[in-house]
Amino acid sequence: MSIKRVLVFCLVLGVCWCGNLDFPPGFKFGAATSAYQIEGAWNASDKHLSVWDFDTQSDPKMVRDGNNGDTACDSYNLYKRDVEMAKELGLHFYRFSISWPRLMPASFPIRISEDGKRYYNDLIDELLKNNIEPIVTLYHWDLPQRLQNLGGWANPLIADWFADYARVAYSFYGDRVKTWITINEPIVICDVVYNTGLLAPRVQHEDGALICNKNVLLAHAKAWRVYDEEFKPKYHGKVSMANQMVWLEAASKEDEDIAILAREHSYGRYTHPVFSREGGWPAKLERAYADISKKQGYLRSKLPAFTKKEIEYIRGTYDFLALNHYTSRKVRKGSPGESATLFTGIYDFDIKFEVDESWKNGSTSWFYVYPEGIRKQINWLKQQYGDVEIFITENGYCDDGDMVDDNRVEYYKDYLKQVLLAIKEDKAKVIGYTAWSMMDNFEWIDGYQTKFGLYKVDFDDPERTRTPRKSAKFYADVIKHNSLDIPESQEL
Ligand code: PNW
């Protein structure tokens, strides 16, 4: 073979190798759920009420189909079937959350529910028996109602309350749970709750989001430090917080600056204090809030300042970066008074969110498909925070419940392909991927009509039968081959 031929041959080989669809060895695949969305058993044993129990029970109109999570998937009783599904899928891990009022009915550690404690023990042991790693979220929106009565996330004491709860959970389960998420999507707990008043605890208050923002960061930092100081030396686990990020990109060249501000507002407020080298609020945003607050007549910034000590206390409180991502928006300078309200509630700046005409809509209003968004999001994180390990802790597609769910298969395929490009081309350290959700569940104010499940759950059946969709078979194949390059999936 001539040298030229050899070179061409090597080039082709190289291209094929770089372009293949395999995930790196050791890449982790899993699926997720959360306590209120699946457990049911809202009053089993001595469990106390969460804000979601309390609100949905007092006003059925809160949820689109008038339903609530009283029974949900009944996973409190059917957890063995859940583990069996995780096994059928071949998951390396299963991400679930602990219900604070189930484990600690008084919300303070003065009283532990023996049944609550046993339930999570049984679930963890069943997972381990089947070689599936438990990944545990401490807080997925179901605050004890008793703490809401004391102001909930607007009360700065919540940092202590949350850290006390975290300590209890680490001490019960830390011998077997090595990956912890402190808080799921603080932007929802703060911005969505206080700006819209639509989610529990349904307190609409224009000053709530930013106050909650600071408190939630201190609560996370305290819980991270409790683990770091008291448990890490013997258990060697990892702790982080999961942030929801809607990829935001400039609609045109002129909108670049406003897009930067929108990103600082929507993610930076929750990530910069923890993951950046210098800590504290993103500087540009902090200045913008100082100006606006002054103009509005506030005596101090609406974005509550951190003391130097607090900046140091929060900075660096992570062992990896957990990313929840579903969808994207284009950002444009709005006319005065116009505000981008989707989830992030950017009320104080003239910003408009748009979707591209080519992006397909899922079965709920906010959901638009733009696979490249996840790669861009990962790159933004890498560019901002360096070579941090990124764990995708949620990603998935919603539809009306087809069993042959080709759109969901396509979504997973296209998003996972972009994750692969981020790993291989952009050299991002993505270490794991989590499908939301393992099964249909209570989709908050959308009730049971919006389906995210790899498994269908029959909510008309008292047995809550679970059946795999086509996407379950697809995902199991991806996991089995550690690749998107799989033999054609068989039709169900
Ligand atoms: C997440 N967005 O919420 C939650 O963690 C889950 O409990 C929920 O069931 C799932 O996604 C699906 O909705 C989201 O702004 C919050 O794009 C915000 C957004 C997406 C999902």
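Helices in this tour are DSSP runs of type H or I with at least four residues, numbered from the N terminus. The model is a predicted one.

**Stop 1: the end of α4 and its kink**

Select Gly90 to begin. This residue follows directly after α4 and adopts a positive phi of about 75 degrees. Next, extend the selection backwards over helix α4, residues 75–89. Its end C-alpha atoms span only 18 Å, whereas a straight helix of 15 residues would span 21 Å at 1.5 Å a residue. Where should one look for the kink in α4? The kink is centred on Arg81 and amounts to about 35 degrees.

Now colour the buried positions of α4: Ser75, Tyr76, Tyr79, Asp82, Val83, Met85, Ala86 and Leu89. An α-helix has 3.6 residues a turn, so residues three or four places apart point the same way.

**Stop 2: ahead of α4**

Move to Asp74, in the loop between α3 (51–58) and α4. Phi of Asp74 is near 55 degrees, which is positive although the residue is not glycine. Most residues other than glycine have a negative phi, and most peptide bonds are trans. Is Asp74 buried or exposed? With a relative accessible area of 15%, Asp74 is buried, because the cut-off for burial is under 20%.

**Stop 3: from Leu89 to Lys480**

Return to Leu89, one of the buried residues of α4, and add Lys480 to the selection. The two residues are 391 positions apart along the chain, yet 8.7 Å separates their C-alpha atoms. Lys480 belongs to helix α16, residues 470–481. Its relative accessibility of 66% places Lys480 among exposed residues, because that class begins over 50%.

**Stop 4: helix α6 and its surroundings**

Select helix α6, residues 114–129. The expected span for its 16 residues at 1.5 Å a residue is 22 Å, and the end C-alpha atoms are indeed 22 Å apart, so expectation and model agree. Show the side chains of the buried residues, among them Tyr119, Tyr120, Leu123, Ile124 and Leu127. Which elements do the buried residues of α6 pack against? They pack against α2 (35–38), α4, β2 (93–97), α5 (100–103), β3 (133–139) and α8 (158–173). Just beyond α6, select Asn131, where phi is positive at about 65 degrees.

**Stop 5: the crossing of α11 and α14**

Display helix α11 (residues 256–275) together with helix α14 (residues 372–385). Their axes come within 12 Å and cross at roughly 45 degrees. The pair is therefore oblique, and the crossing is right-handed. To see the contact, select Arg263, Tyr267, Gly268, Thr271, His272 and Phe275 on α11; these meet Gln377, Trp380 and Tyr385 on α14.

**Stop 6: two cis peptide bonds**

Go to Ala200 and Pro201, which are joined by a cis peptide bond with omega of about 10 degrees. Pro201 sits in the loop between α9 (186–196) and α10 (208–235). Then select Trp436 and Ser437, where a cis peptide bond has omega of about 5 degrees. Ser437 is in the loop between β13 (430–436) and β14 (455–457).

**Stop 7: Arg464**

Finish at Arg464, in the loop between β14 and β15 (466–468). Phi of this non-glycine residue is positive, near 50 degrees. Arg464 has a relative accessible area of 13% and is buried.

Note on methods
Residues numbered from 1 in each chain as written. Predicted model: local features only at pLDDT ≥ 70, side-chain atom pairs only at ≥ 80, totals over all residues. Heavy atoms only, no water. Helix = DSSP H or I, 4+ residues; strand = E, 2+ residues; numbered from the N terminus. Buried < 20%, exposed > 50% of the residue type's maximum accessible area, 1.4 Å probe, protein only. Expected span 1.5 Å × (residues − 1). Bend = angle between axes of the 7 residues up to and from the residue. Axes fitted to C-alpha atoms, helices over the stretch in contact; angles between N-to-C directions. Parallel < 35°, antiparallel > 145°, perpendicular 65-115°, else oblique. Left-handed = near helix turned anticlockwise from the far one by under 90°. Contact = heavy atoms within 4.5 Å.
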